[in-house]
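Please look through the structure shown here step by step, keeping the sequence at hand while reading. The paragraphs that follow move from charged pairs to the interior, and then to the surface and the loops.

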Amino acid sequence: MKRLIIAGMLCAMAVQGGLLAEDMDAMWGQQVLKLKAADAERGQLFEQGNYAMFIHWGLYSHIGNLYKGKSYYGIGEWIMNKNMANIPVDEYKALAAQFNPVKFDADEIAKLAKDAGMKYIVITSKHHDGFAMYHSKVSKFNIVDATPFARDPMKELSKACEKYGLGLGFYYSHNQDWTFPGGGNGPKQTADGKNVDFKYYYENKCREQVEEITTQYGPIAIVWFDTPGRIPREYVEELVQIVRKNQPKALVSGRAGYGLGDYVTLGDMEVPNENVEGIWETVDTTNDSWAYAWYDNYWKTPKEILHRLVACVGRGGTYMLNIGPRGDGTVPELAALTLRKAGEWVKRYPQVVYGTDASPWQHALPWGDVTVKDTTLFLCVFDIPTGGGLYLPGLKTKVKCASLLSRRGKQADLKVQTRDGWTQIQLPARMAEKMVPVVQVELEAKPEVDPYWGIDPSLETTILAQFAQVTGAKQESKKWMEKFGEWKHVVRVWNWEKSGKASWEVDVLEPGYYSVDLTYAGEGRIVWGIDIEGGEHIQNQQNSSHNYQRFPIGWINFPKAGKYTVSVSCLEGDLTEASLKAIHFTPVL
Ligand code: FHN
């Protein structure tokens, strides 16, 4: 299935915490697919950068999801919302008098981004709560005028970014403003009881503040508008013009709305499984919430960060990873630690991440992922195969040589063999690199790959339902929230007819028995059948759960090397709700 970009994606309704997945698609707005040729110069930031720091920091960080003695679970910057602490506007505004982030150290944050290997920082200048984190002249509800802190942290950060050679971008919530009269999802009346609409907010705050952030902080790299929702087009056009006039080199995020931005931002926390064309980014978090939440200690490990970074670069995009500083301005220590550890790897192998292109396989491989520079492949080995054989299915381009990159830049040459359309590279038994070994492969020409799924002879191979040819069932994208505002994504096959099938063409190098598992969600007990065209059929009944879980089905035999079509069907149980996410093959005999 060719990936459809956000605006065209089908998505199932997920009603949790009062926000619908389909509302989010509407909120994220229609985005553009490709950077216009005329804007290519601005696109350089993404072409060369590929890795950036996102920062959600504001008045909500002072609350940290603990309000009046009660903890709220979900994204911290939404604490005001009715699904979270439901804080009245005046009560929220009064909190500014307590917000005093005296430990904020712009230099330390910029240095952290630099140490992490990131190329630019995008920080919340104003989020949906309407509180400006810079000195705004058009609204007193800002960090300089309304808090005892009385400093402009954006000035400090812009100096620090300059010092470390980092780009600086501002997040600005142009549509939603929950505290200014007329703002999206905000009060409908002014303090003196006058009814106002969006125009009032736009003319008295939004437009002026976008002027401010694009003129008060020197050259900026990005204006990151978010959740355009139903904002009228003419306002977005004007905002984009303001950015173009004041910052001709700055990129405008696709979430400005109406396809007027320069690039696409995928759904929150969505690392795509298939290459995506055009200029795009994924925004992700180091833990679960964007803004600081006191209990949120579920950090991505350095290896997970690298896996998600390399996956984004390998799918052709850019990865922007968020931190949420506390209300006192400090960055949670474990966030800093995990970023720095991942950064050490990025610094050992900068050629793998910066200025590289998407993988010719178009998806991850069982042992890891691939980035490309011209005729060089960088194989990032996240799971080291037993026996050290690294298998590349369907590589048509001739390999000149392969070598292991080492910490000290020294390279060990590796043995390369080809058999039945597979390339095998032998890894040494011991490798100095303990995080993620990298193999550099030199090719005779630019890489070309046959688009079938190889069943890895030594590691488990997972093939997603997203890549199946489907008849007699629905193949759809679904988004849902685990906690309020934390989005999860899956492409599933569900709603099966009796004759429905999800099929994949696979290529087997080593014949024999493979154990087959399915990952699915559903209701009650379900019977699944697995068929090899012209060959074996196995079936089994297993339980199911509301969340996606993996269940074993049985062993299946591939009697000889070569290509097969493997199909999954749902035979008994609740065929409507049975929702297949992936099939897994593990070599056994
Ligand atoms: O509502 C915001 C959310 O708070 C956060 O800023 C994310 C980051 O991408 N954007 C919106 C939801 O998509």
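Arginine 207 has a relative accessible area of 22%, and because values between 20% and 50% are called partly exposed, this residue falls into that class. Its side chain meets that of glutamate 208 in a salt bridge, with 3.6 Å from N to O, and glutamate 208 is likewise partly exposed, having a relative accessible area of 29%. The model in which this pair is found is a predicted one, a point to keep in mind throughout.

How many salt bridges does the count come to? The count comes to 32 salt bridges, and a few of them can be followed here. Glutamate 344 forms one with lysine 341, and the closest N and O atoms of this pair are 3.1 Å apart. Both residues belong to helix α10, which covers residues 333-348, and because they are 3 residues apart in that helix, about one helical turn separates them. Glutamate 344 is partly exposed at 39% relative accessibility, and lysine 341 is partly exposed with a relative accessible area of 38%.

Another salt bridge links lysine 483 with glutamate 486, where the closest N and O atoms are 3.5 Å apart. Here the two partners fall into separate classes: lysine 483 is partly exposed, with a relative accessible area of 27%, whereas glutamate 486, at 3% relative accessibility, counts as buried because buried means under 20%. Elsewhere, Lys111, Asp115 and Arg340 are joined into one network by salt bridges that share partners.

From charged side chains we can turn to nonpolar ones. In soluble globular proteins, nonpolar side chains tend to be buried together. In this model the largest nonpolar core has 124 residues, and the members that touch the most other members are Met53, Tyr92, Leu339 and Trp345. Helix α9, made of residues 302-314, gives the most to this core, with 7 residues. Apart from this core lies another one, of 37 residues, which includes Trp504, Tyr514, Leu518 and Ile532.

Which residues is tyrosine 92 in contact with, once its neighbours within four places in sequence are left aside? Tyrosine 92 is then in contact with Leu59, Tyr60, Ile63, Ile79, Met80, Ile87, Asp129, Phe141 and Thr179.

Two cysteines may also be looked at for their burial. Cysteine 161 counts as buried at 1% relative accessibility, and cysteine 206 counts as buried at 0%. A disulfide would need a pair of cysteine sulfur atoms within 2.5 Å, and by this rule the count comes to 0 disulfides.

Nonpolar side chains can be found on the surface as well. Tyr513, Trp555, Val588 and Leu589 form a nonpolar patch there, and together they have about 420 Å² of accessible area. Tryptophan 555, one of the residues in this patch, lies in strand β31, which covers residues 549-558, and at 46% relative accessibility tryptophan 555 counts as partly exposed.

The loops offer further places to pause. Most residues other than glycine have a negative phi, and most peptide bonds are trans. Tyrosine 258, however, has a positive phi of about 60 degrees although it is not a glycine. This tyrosine is found in the loop between β10 (251-252) and β11 (264-265), and with a relative accessible area of 31% tyrosine 258 is partly exposed. Aspartate 420 also has a positive phi, near 45 degrees, and is a residue other than glycine. The loop that holds aspartate 420 runs between β19 (416-419) and β20 (422-426), and at 54% relative accessibility aspartate 420 counts as exposed because that value is over 50%.

The last loop to visit lies between α4 (89-94) and α5 (106-116), and aspartate 105 is found there; this residue counts as partly exposed at 32% relative accessibility. Asparagine 100 lies in the loop between α4 and α5 too, and asparagine 100 is partly exposed, with a relative accessible area of 32%.

How do separations along the chain relate to separations in space for these two loop residues? Asparagine 100 and glycine 327 are 227 residues apart along the chain, and their C-alpha atoms are separated by 7.4 Å. With neighbours within four places in sequence left aside, asparagine 100 is in contact with Pro148, Phe149 and Gly327. Aspartate 105 and valine 264, by contrast, are 159 residues apart in sequence and 31 Å apart in space, C-alpha to C-alpha.

Technical notes
Residues are numbered from 1 along each chain as its sequence is written. This is a predicted model: local features need pLDDT of at least 70, side-chain atom pairs count only at pLDDT 80 or more; totals for chains, interfaces and linings use all residues. Side-chain values use heavy atoms; hydrogens and water are left out. Patches are made of residues with over 30% relative accessible area and no salt bridge: like charges are joined within 9 Å, nonpolar side chains (Val, Leu, Ile, Met, Phe, Trp, Tyr) within 5 Å. Accessible areas come from the Shrake-Rupley method with a 1.4 Å probe; for residues, only the protein chains shown count as cover. A salt bridge is a side-chain nitrogen of Lys or Arg within 4 Å of a carboxyl oxygen of Asp or Glu. Helices (H or I, at least four residues) and strands (E, at least two) are DSSP runs, numbered from the N terminus. Buried means under 20% relative accessible area, exposed over 50%, partly exposed in between (1.4 Å probe, protein chains only). A nonpolar core is a set of buried Ala, Val, Leu, Ile, Met, Phe, Trp, Tyr and Cys residues joined through side-chain atoms within 4.5 Å. Contact means heavy atoms within 4.5 Å.
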